[in-house]
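Below are some comments for a colleague at the bench, set out as numbered points. Please read them with the sequence and the structure open beside you.

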Amino acid sequence: MQTVVKDVLPQKTRWSQRAVARHLCSDKATVKVYAEQIAVVVPDYLKECPRNPDGSIQSGFSLSQYQCWVVCQLITLGRTIKTDLNGTPYRKVVKATAIKQASLLSKAAWEAQFHNLSA
């Protein structure tokens, strides 16, 4: 019987954008773009975003475990798409994919994956 080991993020309550960047061997600016401009198209992700008094999303906010998972999934997807598109603009494609596949990035999907790992 073969055991599958999945790459699981350490269980922090909140993740700074800098910590996510270090975890992914990425830069903070990339994480910021994904966290504040791309991942916000996922309804469950957007619900957890802290807001300014005017209703806009705060800049530089720390990510919940779920939000961190979404950002990591999207950055990983972005890396694949970037390679496939050979340097042409790819972030709009990642955002469109996130919109179309929002159910796969939902909090319920995250909880199901987390539950399967701990079982």
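1. A residue to begin with is Gln67, which lies in helix α4; since this is a predicted model, the remarks on its surroundings should be read as descriptions of that model. Is Gln67 buried or exposed? Gln67 counts as buried because its relative accessible area is 0%, and the cut-off for that term is under 20%.

2. As for the polar surroundings of this residue, the side chain of Gln67 reaches the backbone nitrogen of Ser64 at a distance of 3.0 Å. Leaving out residues up to four places away in sequence, Gln67 touches Arg14, Tyr45, Glu48, Cys49, Phe61 and Ser62.

3. Tyr45, one of the residues that Gln67 touches, also appears in the largest nonpolar core, which has 31 residues. The members of this core that touch the most other members are Val20, Tyr34, Tyr45, Leu63, Val70, Val71 and Leu74. Two or more residues are given to the core by each of α1, α2, α4 and α5 (91–100), and the largest share, 9 residues, comes from α4.

4. Tyr34, when its neighbours within four places in sequence are set aside, is in contact with Ala39, Val71, Leu74, Ile75, Gly78, Tyr90, Arg91 and Val94.

5. Helix α1 spans residues 17–24, and its buried residues are Gln17, Ala19, Val20, Ala21 and Leu24. These buried residues pack against β1 (14–15), α2 (28–38), β2 (63–64) and α4 (65–84). The helix is followed by Cys25, whose phi is positive, near 55°.

Note on methods:
Residues numbered from 1 in each chain as written. Predicted model: local features only at pLDDT ≥ 70, side-chain atom pairs only at ≥ 80, totals over all residues. Heavy atoms only, no water. Buried < 20%, exposed > 50% of the residue type's maximum accessible area, 1.4 Å probe, protein only. Helix = DSSP H or I, 4+ residues; strand = E, 2+ residues; numbered from the N terminus. Contact = heavy atoms within 4.5 Å. Core = buried A, V, L, I, M, F, W, Y, C linked by side-chain atoms within 4.5 Å. Polar contact = N/O pair within 3.5 Å; in protein donor to acceptor, adjacent residues only side chain to side chain.
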